[in-house]
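User: I am new to this structure. Please take me through some of its side chains, one question at a time.

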Amino acid sequence: MCLVSKSVQTCDLPQMNFSQYERQLESLLKEFQERFNDFSSFEQQFSLFASPFSFNVSNADESLQMELLEIQSDSILKVKYLEVGIPAFFSYLPGKFKNFKKFATKIIAMFGSTYVCEQLFSFMKMTKTAQRTRLTDEYLSSLIKVGTTRIAQPDISKIVSKKRYQSSGSSFYKN
């Protein structure tokens, strides 16, 4: 039963025994620690990526320090950063910041490749259902390629114009 006063709500909850979940929670904690252990080694890089204008230059990699100083002192870039945010900001960096652009690309690729893998496995799971258990690896591979490739609409007229025609037993090429 819950009592409600003007500022506080209190409830009498039954005592629950969570010891039955202890082993599962410990296992889950261990799994998280193993999976995300690598992230602690990238903490400085993530911090620099997330806030290049407030990052301490002396903590940056030597190859990035001069470029970072220039970025931090450029008011136009700071306005652009505030306007578009992360990660779009890095596409507006001029070519002279090649090391910093390379750095940002590596960080973005970490997460992009994970996303692509998740999409691929999701598509594969939808494709290989209980009704389609007899798909061969080769056929499944072909379905995945077709299903995950982003192709613009084909130009049928262009394709047809390059095809060879046969008319009444004689062959010729249409130009």
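User: Which residue caps the N-terminal end of helix 5?

Analyst: The model is a predicted one. In it, a side-chain oxygen lies 3.0 Å from the backbone nitrogen of Ile-76. The residue that supplies this oxygen, and so caps the N-terminal end of helix 5, is Asp-74.

User: Which residue just after helix 5 takes a positive phi?

Analyst: Just after helix 5, the phi angle is about 75 degrees. The residue with this positive value is Gly-85.

User: Are the rings of Phe-53 and Tyr-81 stacked, tilted or edge-to-face?

Analyst: The ring centres are 5.1 Å apart. The planes of Phe-53 and Tyr-81 meet at 50 degrees. Stacked needs under 30 degrees and edge-to-face over 60. The pair is therefore tilted.

User: How many residues apart are Phe-53 and Tyr-81?

Analyst: Phe-53 is in the loop between helix 3 (43–50) and helix 4 (62–73). Tyr-81 is in helix 5 (residues 75–84). The pair links distant parts of the chain, 28 residues apart.

User: Is Tyr-81 buried or exposed?

Analyst: The cut-off for buried is under 20% relative accessible area. Tyr-81 has 16% relative accessibility, so Tyr-81 counts as buried.

User: What kind of aromatic pair do Tyr-81 and Phe-89 form?

Analyst: Their rings are 5.3 Å apart, centre to centre. The angle between the planes is 85 degrees, and the pair is edge-to-face.

User: Which residues form one aromatic cluster?

Analyst: The structure holds eight aromatic pairs. Phe-53 and Tyr-81 belong to one cluster, as does Phe-89. The full cluster is Phe-49, Phe-53, Tyr-81, Phe-89, Phe-90, Phe-100 and Phe-103.

User: Which ring does the charged end of Lys-80 sit over?

Analyst: The charged end of Lys-80 is 4.4 Å from the ring centre. That ring belongs to Tyr-92.

User: Glu-67 is buried yet has no salt bridge; how far away is the nearest side chain of opposite charge?

Analyst: Glu-67 is in helix 4. A salt bridge needs atoms within 4 Å. The nearest side chain of opposite charge is that of Lys-98, at 6.8 Å.

User: Which backbone nitrogen does the side chain of Glu-67 reach?

Analyst: Glu-67 touches residues further along the chain, including Lys-96, Phe-97 and Asn-99. The side chain of Glu-67 reaches a backbone nitrogen at 2.7 Å, that of Phe-100.

User: Is Phe-111 buried, partly exposed or exposed?

Analyst: Phe-111 is in helix 6 (residues 98–127). Leaving aside neighbours within four places in sequence, Phe-111 is in contact with Phe-39 and Phe-46. The relative accessible area of Phe-111 is 44%, so Phe-111 is partly exposed.

Notes:
Residues are numbered from 1 along each chain as its sequence is written. This is a predicted model: local features need pLDDT of at least 70, side-chain atom pairs count only at pLDDT 80 or more; totals for chains, interfaces and linings use all residues. Side-chain values use heavy atoms; hydrogens and water are left out. Rings of Phe, Tyr and Trp (its six-membered ring) pair if their centres lie within 6.5 Å; planes under 30 degrees apart count as stacked, over 60 as edge-to-face and the rest as tilted. Helices (H or I, at least four residues) and strands (E, at least two) are DSSP runs, numbered from the N terminus. Buried means under 20% relative accessible area, exposed over 50%, partly exposed in between (1.4 Å probe, protein chains only). A charge sits over a ring if NZ of Lys or CZ of Arg is within 6 Å of the ring centre and within 35 degrees of the ring normal. Lys and Arg count as positive and Asp and Glu as negative; His and the chain ends are not counted. A polar contact is a pair of N or O atoms within 3.5 Å; within protein, one must be able to donate a hydrogen and the other to accept it, and residues adjacent in sequence count only if both atoms are side-chain atoms. Contact means heavy atoms within 4.5 Å.
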